[in-house]
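User: Could you walk me through reading a few features of this model? I'd like the general idea first, then the case here.

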Amino acid sequence: MANDRVKRKNLWMRMNNIKQSDWIKAAQKLNLNVVKNNSGSSHTHIIRDPKNNNRDDVKGVIAVLQVNLYKQANREIFNDILDFGIAEDAIWKGLGLLK
């Protein structure tokens, strides 16, 4: 099922090839904070609101990055960043899928 908010459906269909490292690079390009989670879970990195430096505040969490990602997980991360207020094309550019 396609996301009605996403305009670039051709890119949306290619979400299965994105790795955790791609999201980390994209988040940095989008000026979002990426922090390493040391809790020992498979969610090793967290994308956080750069305006909320309190690592214990869950309100600052934008998206959680698993080690092994798949299409649906990538789409959820994309939607989380979109919900945060980042423009769709900026996310695609951050991922290197749009020039």
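Analyst: Happy to! Let's begin with how elements are named: helices and strands are DSSP runs, numbered from the N terminus. With those names, Val 58 can be placed in the loop between β2 and β3. Keep in mind that this is a predicted model.

User: Is Val 58 buried or exposed?

Analyst: The cut-offs help here: buried means under 20% relative accessible area, and exposed means over 50%. Val 58 has a relative accessible area of 67%, so it is exposed. Together with Val 61 and Val 64, Val 58 makes a nonpolar surface patch of about 230 Å².

User: And what about Leu 65, buried or exposed?

Analyst: Leu 65 belongs to strand β3, which spans residues 61–65. Its relative accessible area is 0%, so Leu 65 is buried. Arg 48 is 17 residues away from Leu 65 along the chain, and their C-alpha atoms are 11 Å apart.

User: Now the helix. Which residues of α2 are buried?

Analyst: A general idea to start: an α-helix has 3.6 residues a turn, so residues three or four places apart point the same way. In α2, residues 20–29, the buried ones are Gln 20, Trp 23, Ile 24, Ala 26 and Ala 27. Viewed down the axis of α2, these buried residues fall within an arc of 165°, so they line one face of the helix.

User: What covers the buried residues of α2?

Analyst: Their cover includes the strands β1 (33–36), β2 (45–48) and β3, along with the helices α3 (71–84) and α4 (88–94).

User: What follows α2?

Analyst: Asn 31 follows α2, and its phi is positive, near 60°.

Key:
Residues numbered from 1 in each chain as written. Predicted model: local features only at pLDDT ≥ 70, side-chain atom pairs only at ≥ 80, totals over all residues. Heavy atoms only, no water. Helix = DSSP H or I, 4+ residues; strand = E, 2+ residues; numbered from the N terminus. Buried < 20%, exposed > 50% of the residue type's maximum accessible area, 1.4 Å probe, protein only. Arc of directions from axis to C-beta. Contact = heavy atoms within 4.5 Å. Patch = residues over 30% accessible without salt bridge, like charges linked within 9 Å, V, L, I, M, F, W, Y side chains within 5 Å. Areas by Shrake-Rupley, 256 points an atom, 1.4 Å probe, with all protein chains shown as cover. Salt bridge = Lys/Arg side-chain N within 4 Å of Asp/Glu carboxyl O.
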